[in-house]
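Q: Hey, can you walk me through this one? I'd like to start with the rings.

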Amino acid sequence: MIEITDFSFRYREGASPVVSDVNLRIPEGTFVGITGAAGSGKSTLTYAMNGIIPHCYPGDFYGSVRIDGLDTCEASLTDISRLVGSVCQDIDSQMVSSVVEDEVLYGLENFGVPREEVEPRLVEALNAMGIADLRHRSIAGLSGGQKQKVAIASVIALKPRVLMLDEPTAELDPASSEAVFQLLEAYVRQSGATVVVVEQKIALLSRYADLMLIVDAGRIRFSGTPAEVLAHADELLEIGVNCPRSTTLANRLRERGLYAGDVVRNVDGAVAAVKEVLA
C-alpha cells in the first residue's frame with residue numbers, strides 16, 4: 001500500500017535534509033506506529049505519505065513515495081486525498097463546522113459522494129467511532145476525546161485506503177487515549193485499511209501496532225514488530241525514546257539473569273515475568 005524508495009527531503013529554508021535515505025514498504029491493512037524524539041523527522045515522513053510534501057512544503061525531494069501505486073509527486077493533492085485521509089494534531093484547526101453531523105457531511109459533499117451513499121456513510125462512520133449519540137451535538141461543547149473521534153469519523157466516512165494521524169492522543173487522558181487506539185485497531189480489522197499513527201506514547205503503540213518505526217535523525221533506526229523494536233530498549237533510550245516501564249522492568253530482570261522469556265510489552269507481560277521470577 002505504501003512504498004517509499006530512497007526518499008530524502010530538505011525544506012527550502014533548511015541547510016540539510018530532514019529525512020534521508022528512507023526505504024519502506026507497508027502492506028495493506030497494517031497498523032503502523034511511528035515514534036522518535038522531537039525533531040527526528042517523523043512528521044516530515046508522514047507529510048511525504050499524504051502529499052503535503054511536496055505539494056504544500058517546497059524543497060529538495062529525492063527518491064519516490066507511492067501510495068497504492070500512485071506517485072505522490074506526479075499526482076495532485078486532490079487525487080492523493082482520495083486515497084489518504086489525515087487527522088492533524090491540532091483538532092480544532094481541522095474542524096470546519098459547528099455541529100458533528102455537518103462536520104462529517106462536509107467531506108462527503110466536497111468529494112461528490114452520491115446522495116444515496118451519504119446517510120449510510122455518515123451513520124457507519126459515527127458508529128465506528130462510537131459517537132452516534134453525538135450526531136446533533138455542538139462541536140464547541142465536546143471534550144477533547146470526543147472531538148478527536150469526530151475528526152476521525154469525518155475522515156473514515158470518505159473510506160480512505162490509508163488513514164494517517166499525527167499524535168492523536170497528545171491532549172487526551174490515559175482512558176481517552178486507550179479508547180482512541182481501540183477504535184483505530186477495530187477500524188483496521190473491519191475495513192482492511194492501512195493506519196499510520198505518529199505517537200509519543202510508545203506503550204500504546206507497542207500494544208496496538210503491527211509494525212513500529214523508530215525515526216532518529218531523519219532515518220528509520222529500527223523497524224519491526226513491537227517485540228522486535230523493544231528488544232533494543234537501551235539503544236532507544238540513548239536516542240530519546242522511552243520504553244514502557246513494563247519493558248524496562250523485564251529487561252532489568254533479564255540483565256540479572258532472573259528472566260529469560262519473551263520481550264515484555266505491557267503490564268500483563270510484566271506480571272507474568274515477575275511471577276516467573278518468584279516461582
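Q: So how many aromatic pairs does the structure hold?
A: There are 7 in this predicted model. Rings of Phe, Tyr and Trp (its six-membered ring) pair if their centres lie within 6.5 Å; planes under 30 degrees apart are stacked, over 60 edge-to-face, and the rest tilted.

Q: What sort of pair do phenylalanine 9 and phenylalanine 61 form?
A: Edge-to-face, with 6.4 Å centre to centre and 70° between the planes. Phenylalanine 9 sits in strand β1 (residues 2-11) and phenylalanine 61 in strand β4 (residues 59-67), so the pair ties together parts 52 residues apart in sequence. Strands are DSSP E runs of at least two residues and helices H or I runs of at least four, numbered from the N terminus.

Q: Are those two buried or exposed?
A: Both phenylalanine 9 and phenylalanine 61 are buried, meaning under 20% relative accessible area (exposed is over 50%, partly exposed in between; 1.4 Å probe, protein chains only).

Q: And which residues do ring pairs link into a cluster?
A: Phe7, Phe9, Tyr11, Tyr47, Tyr57 and Phe61.

Q: New topic: which residues of α5 and α6 make the contact?
A: Val100, Glu101, Val104, Leu105 and Leu108 of α5, with Val118, Arg121, Leu122 and Leu126 of α6. Contact means heavy atoms within 4.5 Å.

Q: Anything I should know about the ground rules?
A: Residues are numbered from 1 along each chain as its sequence is written. Local features need pLDDT of at least 70, side-chain atom pairs count only at pLDDT 80 or more, totals for chains, interfaces and linings use all residues, and side-chain values use heavy atoms, leaving out hydrogens and water.
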